[in-house]
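I am keeping these notes while going through one model. The topics are the sheet, the ligand shell and the domains.

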Amino acid sequence: EKRTKIQEVLAREPIGEELTLMGWVRTKRASKNVAFIALNDGSTINNIQVVADVEQFGEEVLKKVTTGASIAATGKLVASQGAGQSCELIAESIEVFGEADPEKYPLQPKKHSLEFLREIAHLRLRTNTFSAIMRVRHSMAFAVHQFFNDKGFFYINTPIITSSDAEGAGEAFKVTNFELDAIPRNEEGGVDFKKDFFEKEANLTVSGQLEGELAAMALAEIYTFGPTFRAENSNTTRHLAEFWMIEPEMAFYDLKDNMDLAEEMLKYLVKYALDNCADDLAFLEKRAEEEDKNKPQTERAEMTLTERLKFVLENDFERVTYTEAIEILKRSKPNQKKKFQYLIEEWGADLQSEHERFLVEKHFKKPVILYNYPRDIKAFYMRQNDDGKTVGAMDILFPGIGEIIGGSQREERMDKLTERMKAMGIPVEEMSWYMDTRRFGSVPHSGYGLGFERMIQFVTGMGNIRDVIPFPRTPGNCEF
Ligand code: 4AD
Ligand code: MG
C-alpha cells in the first residue's frame with residue numbers, strides 16, 4: 001500500500017476515497033463494538049481517528065494497538081460526526097508494524113513534564129509538543145535560506161574544526177587525536193601539539209565569522225548557518241554547549257545597514273512562522289497558556305505567543321546607544337528596579353539579561369537594538385569609534401529572551417586592528433591569514449550572528465533552550 005500523509009488528507013479531505021495511513025497510535029478508546037484509534041504520523045500536529053469494528057478485527061489484533069505502537073490502517077475516509085474532526089477512516093485492514101508494551105513504554109497518554117521528557121530525550125520527539133517544535137524549527141531553517149537566497153546572498157560553509165578562537169573568550173572545546181593516557185609533552189611540560197593530528201592546537205569553532213569575512217571579501221554578501229560550540233559552564237535557559245548560528249557578513253555595509261538587515265530578517269522569520277506554522281503555533285500557544293496557569297502571578301507571561309510575535313512584526317525596533325541605555329537603567333524607579341540597579345553601577349559594565357529584558361519589556365515596550373558598546377567588553381574585530389572608548393557593536397534584544405543577535409561593523413583599518421589585537425594579547429602573526437583581509441583590498445564591512453535556538457525559543461514560546469534542539473548538549477549532558 002502507498003502511504004498518504006495525514007497532513008495531505010486533512011488539507012484535501014478526499015471523502016469516499018480508499019487510503020492507507022501509517023503512523024503511531026496516540027490513544028485508543030474502545031467500547032463493546034468499536035475501537036477509536038487516534039493516529040499521528042508526524043506530518044502535522046493533528047491526528048486522524050481510525051474507527052475499527054471490534055468483532056471484525058478481534059481482540060488479538062486490537063490488543064496490540066496501544067499508545068506508541070506503529071500501524072498501517074487501510075480503509076475509506078468518511079465525514080465525521082465527532083467534534084473537532086472533519087473526517088475519519090473506517091478501517092478495512094490494520095497491520096501492526098511494532099508493538100509498544102504499555103507496561104514498559106515511557107510515554108503514556110497524559111501530559112508529561114518537560115523535565116521528565118528531558119530525561120528521555122531519545123523518545124520525546126514522539127510527543128505532540130516536541131514534534132510541533134521540530135516542524136517549526138525546520139520551517140525556520142528553510143525560511144533563513146529563503147530570505148538570504150532572495151536577497152542574493154551566498155551560503156558559505158565554514159569549518160567546524162579550526163585553530164582560531166573568533167570570540168577570544170577562551171571557551172573553545174579542544175580537538176585532539178591524542179590517546180588520553182599518553183599525551184606527548186614538550187620541553188616545558190605542556191601539551192606537544194606538533195605530535196597531534198593537525199600539528200597545532202585545534203578546537204571546535206565558536207563562530208564562523210572570521211572565515212565568513214574571508215568569503216565576504218570575495219562574494220560581498222554571504223551567510224553561514226552551522227553548528228557552533230562553546231564550553232561556557234553556564235547552566236542557564238539560554239545557553240547550550242552546541243548551538244546553531246546564522247552569520248551573515250556583508251562587504252560595503254556600515255552599522256546602520258547591518259541593523260536594517262537584521263531587523264528585516266527577524267521580521268521575515270516571524271512572519272514566515274505565522275504564515276506557515278499556524279497549527280503548530282496554535283498548539284504551542286495553548287500549551288504555554290496551560291503551563292502558565294500553574295505559575296505564580298508574578299511569573300506569568302505578559303503576552304500570549306501570538307501577541308509576542310506581532311510585537312516584533314508591528315514595531316520598529318528601538319535603536320539606542322549603550323550609553324543612553326545605562327542612563328535609563330540608572331534612572332528607572334527604585335521599586336521596580338531594585339533587581340536591575342545593583343549591577344549597573346557604572347558605565348562600562350556588561351548588561352545582564354534582566355537589564356536587557358527591562359529595556360524591552362518595561363521601558364521601550366519594543367524590540368531594542370543596543371549599539372556603540374564599550375570597547376573593553378567586546379571582541380577585538382569590532383570597529384573603533386572616534387570617541388576612543390566605544391565600538392560599532394550592536395545587540396538585538398527580544399522580549400522573554402534578551403540578546404538574540406550580536407553583531408558589529410568590523411574594524412577594516414589595518415593599523416587600528418593590529419593595535420587592538422596587540423592590546424588584547426592576540427597573536428597577530430598567527431592570524432596573518434585574517435590580516436590579509438585588511439592587507440589587500442580591505443573594505444568597510446559588517447555582520448552579525450543570530451542564535452538559531454534562541455529564535456526558535458521566541459517563536460515557539462518554550463522557556464528552556466534545551467527544549468528547542470533535538471539533542472541538547474549542556475554541561476554534564478552528552479548521553480546519545
Ligand atoms: O554574541 P555572539 O557571541 O557573537 C558572535 O559569535 C559573533 N561572531 C557573531 C557575528 O558577528 N558574526 O553570539 C551570537 C548569538 C547571540 O546573540 C546568541 O543569540 C547566540 O549567538 N548564542 C548562543 N546561543 C545558545 N547558546 C550559547 N551558548 C550561545 N552563545 C551565543
Ligand atoms: Mg553577544
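**Sheet.** I began with the open sheet, which has eight strands in the order β6-β10-β11-β16-β15-β14-β13-β12 and mixed pairing. I am working from a predicted model. I then looked up the edges: β6 (154-155) and β12 (318-321) each pair on one side only.

**Edge strand β6.** I followed β6 to its partner, β10 (residues 221-229). The two strands run parallel and are joined by two bridges. Within this pairing I noted that phenylalanine 154 stands opposite isoleucine 222 in β10.

**Ligand 1.** Next I listed the surroundings of ligand 1 and found 23 residues. Ser207, Phe243, Gly406, Gly449 and Gly451 come nearest. I asked which elements supply at least two residues of the shell each. They are the strands β11 (242-251), β15 (402-409) and β16 (445-451), together with the helix α14 (452-460). β15 gives the largest share, six residues. I sorted the shell by residue class and got seven nonpolar, nine polar and seven charged.

**Domains.** I took the domain assignment of the protein chain as it stands: domain 1 covers 6-105, and domain 2 is made up of 126-160, 215-225 and 233-467. I read off 44 Å between the centres of domain 1 and domain 2, taken over C-alpha atoms. How many residues of each domain are in contact with the other? I found five in domain 1 and seven in domain 2. On the side of domain 1 that touches domain 2, I noted two nonpolar residues, three polar and no charged.

Note on methods. Residues are numbered from 1 along each chain as its sequence is written. Chains are lettered from A and ligands numbered from 1 in the order in which they are written. This is a predicted model: local features need pLDDT of at least 70, side-chain atom pairs count only at pLDDT 80 or more; totals for chains, interfaces and linings use all residues. A residue is near a molecule or strand if its C-beta atom, placed from the backbone, lies within 6 Å of it. Helices (H or I, at least four residues) and strands (E, at least two) are DSSP runs, numbered from the N terminus. Ala, Val, Leu, Ile, Met, Phe, Trp, Tyr, Cys and Pro count as nonpolar, Asp, Glu, Lys and Arg as charged, and the others, Gly among them, as polar. Domain bounds come from an automatic or database domain assignment. Two residues are in contact if their C-beta atoms, placed from the backbone, lie within 7 Å. Two strands pair if DSSP finds at least two bridges between them.
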